[in-house]
Amino acid sequence: TCQSTGSQFVRETIVVNGGTYDGQCRTFNPSSALGDGSQSEGQDPVFRLENGATLKNVIIGQNGADGIHVYNGGTLENIRWTDVGEDAMTVKSEGNVILRNIEGYNGSDKFLQANAASNITVSNCVVDNMGKFLRQNGGTTFEVNITVDNCDISNMSEGIFRTDSSRSTAHISNSRLRNAGRVCIGNWASCTSSN
Ligand code: DGU
Ligand code: CA
Ligand code: CA
Ligand code: CA
């Protein structure tokens, strides 16, 4: 992903409603007012994407806060979370979410969090040192379909995919897993890997 071209302080969540926001490989450092990047819930995201917006060429700096929230679908391209906060990306309302060329490091628990029905497509990623790659919100039964291709996933203390929904599906292909825990945790309708 990017080599940093400079840094930008983020006083309040940057909202991208449709269209494309190009961060030009700057490092975005959120104010502690957004959150402290700990496991406390209710922190604000650094970016909020709405209605199919694209976010690209962004580095999220040392405080990850609540990462990136996506409403009604969106695309994340060439994004690095240097220090994942409470989580890195949350699907907040239904939609198709595409993540490509992404890297995420050093979370305590979740990388991706799915809080609404969604199709999540991840390609070309490096994710290291956290609890799990994807969690569908605990106790929910909506349908999430996650596919992951060409990723390096390492040092997951729990595993890759976790759901409580018997309607959801997960697939990982063409990827390299190292100390990544269990691939499928929970009640998936289907969860497969072809690596
Ligand atoms: O049910 O919804 O951890 O989006 C409890 C909450 C909790 C979420 C989730 C998130 O699961 O806040 O970060
Ligand atoms: Ca959480
Ligand atoms: Ca969160
Ligand atoms: Ca962290």
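# Notebook: salt bridges and calcium sites

**Entry on Arg48 and Glu50.** I looked up Arg48 to begin with and found that this residue is partly exposed, with a relative accessible area of 29%. I note here that the model is a predicted one, and I keep this in mind for every value in these entries. The side chain of Arg48 meets that of Glu50 in a salt bridge, with 2.5 Å from N to O. Glu50 has a relative accessible area of 13%, and I call this residue buried because the limit for that word is under 20%. The bridge between Arg48 and Glu50 is part of a total of 7 salt bridges in the structure.

**Entry on Arg100 and Glu77.** Next I asked myself which residue forms a salt bridge with Arg100. The partner is Glu77, and the closest N and O atoms of the two are 2.6 Å apart. Arg100 belongs to strand β9, which covers residues 95-105, while Glu77 belongs to strand β7, so the pair ties together parts of the chain that are 23 residues apart in sequence. For the accessibility of the two partners, I noted 31% for Arg100, which counts as partly exposed, and 25% for Glu77, which also counts as partly exposed.

**Entry on Glu158 and Lys132.** I then turned to the salt bridge between Glu158 and Lys132, where the closest N and O atoms are 2.8 Å apart. This pair links distant parts of the chain, since Glu158 sits in strand β12 (residues 144-163) and Lys132 in strand β11 (residues 118-136), 26 residues apart. Is each partner buried or partly exposed? I found Glu158 to be partly exposed at a relative accessible area of 27%, whereas Lys132 is buried at 4%. Following the shared partners, I saw that salt bridges join Asp109, Lys132, Glu158 and Arg162 into one network.

**Entry on the calcium ion (ligand 2).** I moved on to the metals and asked which residues provide the protein donors of the calcium ion (ligand 2). They are Glu41 and Glu86, each listed with two OE atoms, and these donors lie 2.4 to 2.9 Å from the ion. Glu41 is found in the loop between β3 (20-30) and β4 (47-50), and Glu86 in the loop between β7 (74-81) and β8 (89-91), so the pair ties together parts that are 45 residues apart in sequence. Why is the arrangement around this ion called irregular? The 6 donor atoms around the calcium ion (ligand 2) subtend angles of 48 to 155°, and this spread makes the arrangement irregular. I also compared the surroundings of the two residues: Glu41 is exposed, with a relative accessible area of 59%, but Glu86 counts as buried at 2%.

**Entry on the calcium ion (ligand 3).** Finally I looked up the second ion named beside Glu86, as this residue bridges the calcium ion (ligand 2) and the calcium ion (ligand 3), which lie 3.6 Å apart. The calcium ion (ligand 3) is coordinated by two OD atoms of Asp66, an OE atom of Glu86 and two OD atoms of Asp87, at 2.3 to 2.9 Å. Along the sequence, I wrote down the spacing of these donor residues as D-x19-E-D. The site of the calcium ion (ligand 3) is irregular, with angles of 47 to 162° among its 6 donor atoms. As for accessibility, I noted that both Glu86 and Asp87 are buried.

Conventions. Residues numbered from 1 in each chain as written. Chains lettered and ligands numbered in written order. Predicted model: local features only at pLDDT ≥ 70, side-chain atom pairs only at ≥ 80, totals over all residues. Heavy atoms only, no water. Donors = N, O, S within 2.8 Å, 3.2 Å for Na, K, Ca; no water. Tetrahedral: all angles 85-135°; square planar, octahedral: opposite > 155°, others 65-115°. Helix = DSSP H or I, 4+ residues; strand = E, 2+ residues; numbered from the N terminus. Buried < 20%, exposed > 50% of the residue type's maximum accessible area, 1.4 Å probe, protein only. Salt bridge = Lys/Arg side-chain N within 4 Å of Asp/Glu carboxyl O.
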